[in-house]
Amino acid sequence: MKVKRDNRLVILVICIILIGIVTFLGFKTHGEVEELVQQQFNEQQLLLARQAALGIGEFADERVTIIEILARDRSEDSIDNITGCFKPIYEGTSGFYSIEFIDTNGVVVYGYPEYRAPIGYNVYAENRSSVFGSARDLRETEIPSSTALFEGGLGSFIWVPVYEGEEFRGVILGIIRMSTITDRFLTPIMQNRTGYVYLIDRNGKSLYDGTRREAIGKNYIKMLKEVNTNASWLEILNEQINGSEGTAVYLKEGDESNSEQIVAYAPVRWRDKIWSVGISVPASEVDHLIRSVYAKQMIFLSTVIAIILGGSFGLILMFSRWNKTLEAEVESKTCDLTRTNEELAQANERLKELDKLKSEFVSMVSHELKTPLAAMKTSAQVLELADVEEATQQEMLSIITRNIDRQTNLVNDLLDLSRVESGRLELKFVSVALDTVIADSIEIVKPAAEEKDITLNVELPAGLASVKGDSEKLTQVVINLIFNAIKFTPCVFG
Amino acid sequence: MNIGTIDDKIVELLQNEATLSYSEIAERLCITETEVAERIRRLSDARTKILIVDDELDTLLPLKRALEMEGYNIIEAQDGLDALEEVRTEIPDLVLLDLMLPRLNGFEVCQRLKQAEATSYIPIIMLTAKGETSDKVEGIEIGADDYVTKPFDLAELKARIKAVLRRTAP
């Protein structure tokens, strides 16, 4: 009992230790996995940001270059010829909002598509000539920071001066709508994902914001400084303005709870501009990833366990079935044995009974054989005595003779019995008249009856039927019956 | 009228009047003269009286003759109840008792005789064809004085009878 309890304690302790080891290893592995996944995730986010930034840069640069080439190659052509190229450029490159030509007086003389061109608009008259002036004076392409379009939304204005030698002929203005860029490069990044993408220029002004459309055009840094919160994000924004790239974490202060956000940022460089793309996703994304990894592992593990358990259960079932079959067999064999034993016991009982009957029979036979012998022996010994009277001598001799007959009959009976037992008794079946049988028997037993002064009266019905049987044996049966009757009839006169 | 009491009355009459004739006694007791003669003969018999009990007449008869020749007074019975009756009326000096008897077997007869105070002193020799030791033991245990198996030697039986009588003689 005590040993059993000790064993249980030992098993319990071993179990606890094993569980502890497994838990420790699990935590350690979890930490490593988390770190690895985090790292991978960050790199992936950064790659996404870099790709988007590169795309934007090249896209914008390409468009500037096209207009510059036009301005340089067609500088000696007529204005009409120059503007005639606007349509194929617009249609062949996609991405321009409109392309316009401003003459030396600062008046918009042509634009494509024409419905978007404010023909007759005078940059001097509207007091918006500074960029026009600097492009003309510096003889260089001017791209001011993005400003609002008449039709709404932000746009980038590309001012390219056209000089024929030293002669200023005007400015080609290409307008690229910011939404064209962001729709192409930034919006697809966040499809079917949580988090958002934003794009700022080097002043911290929002060019695109995936979640807060209202913030587009406003300056994040100014906004953050005003509310004086989100210092960690402000730091990131400053990094972005400086044109660096990387990943960082900041705490987003939401309406209900704060959540950690991972920001991957990469600079967009085109001409003198430095913009920055930021991809901000909740840190819980990483947890989601890890969880999905674990979920897959769990599915694998549970499948394996289910297979193992199923297999074991099948084996157990199979063995228990075997066991049951064996048990049933043993039981049936036991039943058979019990039955056989009972039968043997019964047979033994019968044999004992038979044995008892046999010994009783032997005892009886020996008594029956000895009785006439005793009579003969005593009679003979009486005869041997001296001076025996004549009458007594006769008496003794008749006793001897009678008993010899009796003994002979007895021996014959025994022989018959043994023949019956061994099946060697031969019966001769013939038609036997019963009155003949009885008459013969009476004739034989008559002397014995007379000796005891017993009268034998025979009354037979007339026309007694004949039977089929052994005449001799039947007669013997009747004789025996009458002899017995005579023997056991009391002697009246003793 | 009981046989025993008739004997007693004859004895009583003769004690009072020794000169009474057989006919006078027969007259007084309302019995025949022959019976009186027989009774007186029996009463005056001084020989040792042996009762032989056997249902086989052929066994009984030679034994009776032999013992009579030996000078014993022999009376006989052919079944158990008969034997008990004979013992009560005749009061033998010895009983030769067969075991296989009709109505009441030898063991029972022996047992009853040995249990009754009046007859317990009478010696009994068992006489039987059954020779098994267990039978002998049972016979001796219930009070038989000797046990002889059939067929017996006449001389041996005579010797045994003498021995038993000598042993039990008063």
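This briefing covers the two sheets and the long helix of chain A, the fold of chain B, and the contact between the two chains. The model is predicted. Chain A holds two open antiparallel sheets, one in the order E2-E1-E5-E4-E3 and one in the order E7-E6-E10-E9-E8. Helix H8 of chain A runs over 101 residues. Chain B carries 8 helices and 5 strands.

**Sheet E2-E1-E5-E4-E3 of chain A**

- This open sheet has 5 strands, and their pairing is antiparallel.
- E2 and strand E3 (147-148) of chain A are the edge strands, and each pairs on one side only.
- Strand E1 (residues 96-103) of chain A is mostly covered, with 7 of its 8 residues buried.
- E1(A) pairs with strand E5 (residues 167-177) of chain A through 7 bridges, in the antiparallel sense. Phe101(A) sits opposite Ile172(A) of E5(A).
- E1(A) also pairs with strand E2 (residues 108-112) of chain A, antiparallel, over 4 bridges. Here Ile99(A) has Tyr112(A) as its bridge partner.
- The hairpin of E1(A) and E2(A) has 4 residues between its strands. Gly106(A) in this hairpin adopts a positive phi near 85°.
- E3(A) and strand E4 (residues 154-164) of chain A run antiparallel and are joined by 2 bridges. Ala148(A) is partnered by Leu154(A) in E4(A).
- Helix H3 (residues 86-93) of chain A packs on this sheet and touches E1 and E2 of chain A. The direction of H3(A) makes about 160° with that of E1(A).
- Helix H5 (residues 178-185) of chain A packs on the sheet as well, touching E1, E4 and E5 of chain A. The direction of H5(A) makes about 45° with that of E5(A).

**Sheet E7-E6-E10-E9-E8 of chain A**

- This sheet is open too, with 5 strands in antiparallel pairing.
- Strand E7 (206-209) and strand E8 (246-253) of chain A stand at the edges. Each has a single partner strand, so one side of each lacks a neighbour in the sheet.
- On average, neighbouring strands of this sheet are turned by 25° against each other, direction ignored.
- E8(A) and strand E9 (residues 258-270) of chain A form an antiparallel pair over 8 bridges. Gly246(A) stands opposite Tyr265(A) of E9(A).
- Helix H7 (residues 231-241) of chain A packs on the sheet. H7(A) touches strand E6 (196-200), E8, E9 and strand E10 (273-282) of chain A. The direction of H7(A) makes about 145° with that of E8(A).

**The long helix H8 of chain A**

- Helix H8 (residues 284-384) of chain A should span 150 Å at 1.5 Å a residue. Its end C-alpha atoms lie 142 Å apart, which agrees.
- Of the 101 residues of H8(A), 10 are buried, so the helix lies largely in the open.
- The buried residues of H8(A) include Thr371(A), Pro372(A), Met376(A), Lys377(A) and Val382(A).
- Among the elements that cover the buried residues of H8(A) are helix H9 (390-422) of chain A, and H4 and helix H8 (154-168) of chain B.

**Fold of chain B**

- From the N terminus on, the elements of chain B follow the order α-α-α-β-α-β-α-β-α-β-α-β-α.
- Chain B has 170 residues, and buried residues make up 33% of them.
- Among contacts in chain B with a separation of 6 or more, 56% join residues 24 or more positions apart.
- The axes of helix H2 (residues 22-29) of chain B and helix H3 (residues 33-44) of chain B come within 8 Å and cross at roughly 110°. H2(B) and H3(B) are therefore roughly perpendicular to each other.
- H2(B) contributes Tyr22(B), Ser23(B), Ile25(B) and Ala26(B) to this contact, and H3(B) contributes Glu33(B), Val36(B) and Ala37(B). By class, the contact of H2(B) with H3(B) has 5 nonpolar, 1 polar and 1 charged residues.

**Contact between chains A and B**

- Chain A puts 20 residues into the contact, and chain B puts in 16 residues.
- Helix H4 (residues 57-69) of chain B supplies the largest share of the side of chain B that touches chain A, 8 residues.
- By class, that side of chain B has 10 nonpolar, 1 polar and 5 charged residues.

Terms used
Residues are numbered from 1 along each chain as its sequence is written. Chains are lettered from A and ligands numbered from 1 in the order in which they are written. This is a predicted model: local features need pLDDT of at least 70, side-chain atom pairs count only at pLDDT 80 or more; totals for chains, interfaces and linings use all residues. Two residues are in contact if their C-beta atoms, placed from the backbone, lie within 7 Å. Ala, Val, Leu, Ile, Met, Phe, Trp, Tyr, Cys and Pro count as nonpolar, Asp, Glu, Lys and Arg as charged, and the others, Gly among them, as polar. A residue is buried if 20 or more other C-beta atoms lie within 10 Å of its own, exposed if 12 or fewer, and partly exposed in between; C-beta atoms are placed from the backbone. Axes are lines fitted to C-alpha atoms, for helices over the stretch in contact, and angles run from 0 to 180 degrees between N-to-C directions. Angles under 35 degrees count as roughly parallel, over 145 as roughly antiparallel, 65 to 115 as roughly perpendicular and the rest as oblique. The expected span of a helix is 1.5 Å times one less than its number of residues. Two strands pair if DSSP finds at least two bridges between them.
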